[in-house]
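Biologist: I would like to learn how to read a fold, feature by feature. Can we work through one together?

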Amino acid sequence: MERKVYLYDTTLRDGTQGEGISLSVEDKIKIALRLDQFGIDFIEGGWPGSNPKDMAFFERIREVPLKHAKITAFGSTCRPHVAAAEDDNLRALIESGVKAAAIFGKSWDMHVTDALKTTLEENLRMVGDSVSFLKSQGLTTLFLAEHFFDGYKANSAYAMQVLQAAEQAGADWIVLCDTNGGSLPTEIYDIVKAVLKNLHVPLGIHPHNDSGVAVANVLAAVQAGATQVQGTINGIGERCGNVNLISVVPNLQLKLGYSCVSSEQLQQLTQLSRYVAEIANMTLPNNQPFVGNSAFAHKGGIHVSAVLRDPKTYEHIEPEEIGNKRRVLVSELAGQSNLQAKMEELGIDLSLERAEAREIIKTIKEREFQGYQYEGAEASLTLMLLEASGKLKNLFSLDSFKILMEKSASHAITSEATVKIHVNTEVVHTAADGNGPVNALDNAMRKALEVYYPCISKMHLTDYKVRVLDENGATAAKVRVLIESACDGEKWSTVGVSTNVIEASWEALADSIRYLLWKEGCEEAKNLVASEARVGILNH
């Protein structure tokens with residue numbers, strides 16, 4: 001029988017303490033709904049009474065019907081020499097309207113005497129009185145033993161007394177916190193084992209990632225007997241962050257056989273990770289375990305050949321189990337297997353024995369030598385393959401563009417772009433302003449094309465990167481421009497290379513629109529006849 005591990009998410013409280021992370025009330029509501037849909041058991045909404053935003057969240061969330069999760073309010077034990085029933089912090093937890101509350105208390109004797117400036121006996125009173133008061137109000141009560149592992153290593157007898165005070169007062173859960181994130185997996189395992197010999201209440205684990213082993217610490221704690229994990233989506237949080245639930249859940253469920261969420265909910269993992277990142281306005285690392293864009297990306301020809309025969313050769317799980325997908329990259333390291341996989345993905349029937357296929361591989365390698373990078377710009381690669389196979393229609397082409405920039409001592413710099421573009425049998429001539437030359441060029445191109453292809457209006461640029469390829473060339477160096485575009489939740493990247501950053505930007509911008517038109521398959525594009533003379537692949 002699978003053993004259940006309960007998930008406690010603190011993205012909305014502990015996660016927002018991370019540098020650069022800020023969530024509005026609406027943001028927190030949206031994330032809470034997705035967490036509930038994913039199967040999170042406890043969602044910590046914030047600290048009532050600490051700020052107006054958290055109070056507004058608790059008021060709003062009462063009106064939101066959740067299917068599974070318990071909204072939980074966070075706070076601390078009562079203050080020294082103040083009865084729990086008279087403590088404003090604890091009363092704010094009650095007034096928030098939640099059914100579950102998590103309070104932290106000191107379990108390290110040094111913190112009691114040096115930080116709280118009280119006695120060890122008074123701290124035990126504070127813990128017991130606070131838990132007992134919350135339980136008397138009908139709340140599911142979780143006691144978070146702050147700095148527990150450091151406290152246990154310094155004075156194990158007192159640290160255990162703190163836990164026993166919470167248990168005797170009726171705590172539903174006791175959560176052991178590695179607040180400074182300095183403990184190692186072997187220490188976590190041994191201490192959790194020791195604690196369980198003296199307690200009967202279920203245990204949770206709340207580790208921080210300051211030593212880079214928070215996920216390993218969770219796995220050790222659960223294997224030692226903990227049945228609740230507290231963490232955040234994508235590991236956001238103060239300093240080096242909290243433990244990343246996105247890595248914890250598949251490790252527990254797929255590797256160790258514990259039950260966290262249903263298999264259908266587990267397939268939402270990648271989308272949950274990316275959704276929270278989007279709301280929090282953060283960029284996910286491509287190499288993030290399990291859900292990163294590169295987590296199941298294969299580049300080396302030998303690797304790809306093996307993966308196509310049996311994915312287990314280079315994949316530790318099936319990517320579909322957690323909602324990700326396999327990607328085959330085509331680059332200067334690519335062999336025939338990479339190209340074959342990519343063409344099959346695009347539905348291109350082109351035998352690798354044909355001269356065209358060999359020419360494509362040669363071209364890719366030559367262009368990467370020139371500075372192009374297709375594993376980071378798959379949309380441009382897709383266009384290249386479609387063009388070579390005769391499946392890409394020449395929907396528009398550049399006649400010319402001019403850019404005018406003006407700067408005076410008393411006014412900010414202005415940019416204006418003028419473009420001439422061939423669309424079908426017409427030449428469109430238009431101009432547009434922008435806050436820079438690339439923005440002006442983008443605006444002018446859109447202005448010229450949106451009349452023919454309205455779907456372009458839905459597309460927006462989400463990232464723009466310039467990389468100098470030859471630093472010895474100084475201002476005359478060749479540059480690579482990578483552009484990321486998005487439309488209806490889907491993102492794609494395109495590339496341009498030139499010694500002129502504007503020309504490189506034009507190439508990447510034009511590819512981003514060409515890719516959208518191919519992907520959308522809009523009626524305007526279908527009605528246009530493919531060019532009789534395709535642009536040669538080397539001139540793409």
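Biologist: Let me start with one residue. Is His147 buried or exposed?

Modeller: Keep in mind that this is a predicted model. His147 counts as buried, because its relative accessibility is 6% and the cut-off for buried is under 20%. His147 is found in the loop between β5 and α6 (148–154).

Biologist: What is the phi of His147?

Modeller: The general idea comes first. Most residues other than glycine have a negative phi. Now the case here: phi of His147 is near 55°, a positive value in a residue other than glycine.

Biologist: Which loop holds His81, and what is its phi?

Modeller: His81 lies in the loop between β3 and α3. The phi of His81 is positive, about 65°, although His81 is not a glycine.

Biologist: Is His81 buried or exposed?

Modeller: Exposed. His81 has 66% relative accessibility, and exposed means over 50%. His147, at 6%, counts as buried.

Biologist: Both loops involve strands. How do I read strand pairing?

Modeller: Strands of a sheet pair through backbone hydrogen bonds, either parallel or antiparallel. In this model, one set of 8 strands forms a closed barrel with parallel pairing. The order runs β1-β2-β3-β4-β5-β6-β7-β8. From one strand to the next, the twist averages 25°.

Biologist: How many bridges join β5 to β6?

Modeller: There are 4 bridges between strand β5 (residues 140–146) and strand β6 (residues 173–178), and the two run parallel. For a single pair, take Ala145: its bridge partner in β6 is Leu176.

Biologist: Which strands does helix α3 touch?

Modeller: Helix α3 (residues 88–95) packs on the sheet and touches β3 (70–76) and β4 (100–106). The direction of α3 makes about 170° with that of β3.

Biologist: Now helix against helix. What should I look at?

Modeller: Two packed helices are described by the angle between their axes and the distance between the axes. Take helix α1 (residues 25–38) and helix α2 (residues 52–61). Their axes come within 9 Å and cross at roughly 45°. That angle makes α1 oblique to α2. The crossing of α1 past α2 is right-handed.

Biologist: Which residues of α1 and α2 meet?

Modeller: From α1, they are Val25, Glu26, Lys28, Ile29 and Ala32. From α2, they are Lys53, Asp54, Ala56, Phe57, Arg60 and Ile61.

Biologist: At what angle do α8 and α9 pack?

Modeller: Helix α8 (residues 185–196) and helix α9 (residues 214–224) pack at about 30°, with axes 8 Å apart. They are therefore roughly parallel to each other. The cut-off for that label is under 35 degrees. The α8 and α9 crossing is right-handed. On the α8 side, the contact is made by Pro185, Ile188, Tyr189, Val192, Lys193 and Leu196. The α9 side supplies Ala216, Asn217, Ala220, Ala221, Gln223 and Ala224.

Biologist: What is the strand order in the open sheet?

Modeller: This sheet has 3 strands in the order β14-β15-β16, with antiparallel pairing. The edge strands are β14 (460–468) and β16, and each pairs on one side only. Direction ignored, neighbouring strands of this sheet are turned by 15° against each other on average.

Biologist: How many bridges join β15 to β16?

Modeller: Strand β15 (residues 479–487) and β16 share 9 bridges and run antiparallel. One pair to find: Ser485 has Trp492 in β16 as its bridge partner.

Biologist: Which helix lies across these strands?

Modeller: Helix α18 (residues 501–520) lies across β14, β15 and β16, and runs at about 145° to β16.

Biologist: Let me zoom in on β16. Is Thr494 buried or exposed?

Modeller: Thr494 sits in strand β16 (residues 490–498). Thr494 is buried, because its relative accessible area is 0%. The Thr494 side chain reaches the backbone oxygen of Ala508 at 2.7 Å. Setting aside residues up to four places away in sequence, Thr494 touches several others, including Ala377, Val481, Ile483, Asp511 and Ser512.

Biologist: Finally, the whole chain. How many helices and strands does the protein chain have?

Modeller: It has 19 helices and 16 strands. Of its 540 residues, 53% count as buried. Now take contacts between residues at least 6 apart in sequence: 68% join residues at least 24 apart.

Methods:
Residues are numbered from 1 along each chain as its sequence is written. This is a predicted model: local features need pLDDT of at least 70, side-chain atom pairs count only at pLDDT 80 or more; totals for chains, interfaces and linings use all residues. Side-chain values use heavy atoms; hydrogens and water are left out. Buried means under 20% relative accessible area, exposed over 50%, partly exposed in between (1.4 Å probe, protein chains only). A polar contact is a pair of N or O atoms within 3.5 Å; within protein, one must be able to donate a hydrogen and the other to accept it, and residues adjacent in sequence count only if both atoms are side-chain atoms. Contact means heavy atoms within 4.5 Å. Two strands pair if DSSP finds at least two bridges between them. Axes are lines fitted to C-alpha atoms, for helices over the stretch in contact, and angles run from 0 to 180 degrees between N-to-C directions. Angles under 35 degrees count as roughly parallel, over 145 as roughly antiparallel, 65 to 115 as roughly perpendicular and the rest as oblique. A crossing is left-handed if the near helix is turned anticlockwise from the far one by less than a right angle, and right-handed if clockwise.
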